[in-house]
Amino acid sequence: MASGTVTSSEYISHHLTNLTFGNHPENGLGFAHTAVEAAEMGFWAINVDTMLWSIGLGVLFTWLFSKVAKSVTAGVPGNTQNFVETLIEFVEENVNSIFHHKNALIAPLALTIFVWIFLMNTMDLVPVDWIPYIAGQMGIHFMKVVPTTDINATMGMALSVFGLILYYSIKMKGIGGFLGELAFQPLGKWMLPFNLFLEIVGLLAKPISLALRLFGNMYAGEMIFILIALLPFWIQWVLSVPWAIFHILVITLQAFIFMVLTIVYMAMAHEEH
Amino acid sequence: MNINLTIIGQAIAFAIFVMFCMKYVWPPITGALAERKKKIAEGLDAAERAQRDLQLAQEKAVANMRESKEQAAAIIEQANKRASQLVDEAKEQARVEAERIKTAAQAEIEQDVNRAKETLRSQVAALAVAGAEKILEKSVDKAAHAQLVDKLAAEL
């Protein structure tokens, strides 16, 4: 617990508020001091903690993997190379089993999604008070360390995937083919409005379900960690340890699901129905 | 939990990481993996070939050994034959030599005997003549009785 003076609800909402930087209508350019202020900044504000942690983890991922890629050898691999190769083979296997077209983007895309989301989710396993406490000592009021508990992060990725779905659908089938798929399926041209409604809902459900599934899982997990952290410190481990162990499964699974669904959506975008 | 610029920032970061990964991470590592796969396949091939070669070599070695054994046996047999032949030859030579020596010795003995006989005969003839002379108290015409004496001597 942060300190004895804050109430439980204050503690929880504090832990669920991003460090938002933006232009407040009254206070001008700066960091938001409360969740309400952050909301008042509107769209033109940025969650600095989410960006820092996600970019930091992304850089960690690209640094590690490019380091291996630079010194990669077809001979006996070292420990790091072995680890990286295992991941790459795992992703490649998944891509090859789902996606049967030639596209050099899909496999690196899937790898990036899997490893990056996994790393971002893993931040959930850092005890909830550690980093916010250190940040607080440094004068930073809010610090949410798990980027995937920020809907902006998951939605940003899901919308990128959505953009790719549209791009490849149109590229592979032509604009007519794509629109035809929306209009004339599943019930033929006499049910066009119904088809259009159904297909557009289905299409929009893809990015939204991608984003909300990951966000919801990680947000709920984080919330439970925070609730556990409200218990007296000597009993916390009884709940936090099993939950953390279970959460190892969740963070891996969520990264995997995001990756597999992305591959599936890409495959669907490439195929005629 | 507000939708704000972060959504775009995250999308941009995502795009950059994906492009980086696509350019600098994925191709070299999968390339190395493919190369290793090829290497392993080649290695297995080579191992199999070596195995086959080894088997052939072993078969060849066994065949060579058998052949040399046979040759050795033949040579030994030949040598044995030759040895017994030599022994036989030596025996034969020895026998012939012995025969020759025996014959020569016999001839010499016979010669000696004949010579002795001759001597004896001539001495007997002379004795006979001398005896006869003594008996007859007269000389015997040696020439006239030579034939007689020779006949006598030949009968001895």
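These legends walk through close-up views of a predicted model with chains A and B.

**View 1. Chain A as a whole.** Let's start with the overall picture of chain A, which holds 9 helices and 3 strands. Read from the N terminus, its elements follow the order α-β-β-α-β-α-α-α-α-α-α-α. The C-alpha trace of chain A measures about 65 × 55 × 40 Å along its principal axes. Of the 273 residues in chain A, 34% are buried. Among the contacts in chain A with a separation of 6 or more, 66% link residues 24 or more positions apart.

**View 2. The hairpin of chain A.** Here you can follow strand S1 (residues 20-24) of chain A and strand S2 (residues 28-31) of chain A, which run antiparallel and are joined by 4 bridges. S1(A) and S2(A) make a hairpin, with 3 residues between them. To find your bearings, look for Phe21(A), which sits opposite Phe31(A) in S2(A).

**View 3. Annotated spans in chain A.** UniProt, in an unreviewed entry, gives the annotation "transmembrane region" to residues 43-65, 104-124, 153-170, 190-212, 219-239 and 245-268 of chain A. Two of these spans are worth a closer look. Residues 153-170 of chain A are 100% helix and 0% strand, with end C-alpha atoms 26 Å apart. Residues 245-268 of chain A are also 100% helix and 0% strand, and in that span the end C-alpha atoms lie 35 Å apart.

**View 4. Helix H5 of chain A.** This view turns to helix H5 (residues 106-122) of chain A, which has 17 residues. At 1.5 Å a residue, H5(A) should span 24 Å, and its end C-alpha atoms are indeed 24 Å apart, so the two values agree. Is H5(A) mostly buried or exposed? Of its 17 residues, 16 are buried, so the helix is largely enclosed by the rest of the structure.

**View 5. The largest nonpolar core.** Which residues touch the most other members of this 71-residue core? They are Ala110(A), Leu111(A), Phe114(A), Trp116(A), Ile117(A) and, from the other chain, Ile29(B). At least two core residues come from each of strand S3 (45-47), helix H3 (48-70), helix H4 (79-98), H5, helix H7 (151-184), helix H8 (192-229) and helix H9 (236-270) of chain A, and likewise from helix H1 (6-136) of chain B. H5(A) gives the most, with 13 residues. Zoom in on Ala110(A) and, leaving aside residues up to four places away in sequence, you will find that it touches Val91(A), Asn94(A), Val95(A), Met259(A), Thr262(A) and Ile263(A).

**View 6. Where chains A and B meet.** The contact involves 42 residues from chain A and 30 residues from chain B. On the side of chain B that touches chain A, 21 residues are nonpolar, 6 are polar and 3 are charged.

**View 7. The annotated coiled coil of chain B.** UniProt (unreviewed entry) places a "coiled-coil region" at residues 40-111 of chain B. In the model, residues 40-111 of chain B are 100% helix and 0% strand, and the end C-alpha atoms are 103 Å apart.

**View 8. Phe197 of chain A.** Phe197(A) lies in helix H8 of chain A. With 12 other C-beta atoms within 10 Å, Phe197(A) counts as exposed. Ala183(A) is 14 residues from Phe197(A) in sequence, and their C-alpha atoms are 8.5 Å apart in space.

Terms used:
Residues numbered from 1 in each chain as written. Chains lettered and ligands numbered in written order. Predicted model: local features only at pLDDT ≥ 70, side-chain atom pairs only at ≥ 80, totals over all residues. UniProt positions renumbered as here; feature names shortened; annotations may be inferred. Expected span 1.5 Å × (residues − 1). Buried ≥ 20, exposed ≤ 12 C-beta atoms within 10 Å, placed from the backbone. Contact = placed C-beta atoms within 7 Å. Nonpolar A, V, L, I, M, F, W, Y, C, P; charged D, E, K, R; others polar. Pairing = 2+ DSSP bridges. Core = buried A, V, L, I, M, F, W, Y, C linked by C-beta atoms within 7 Å.
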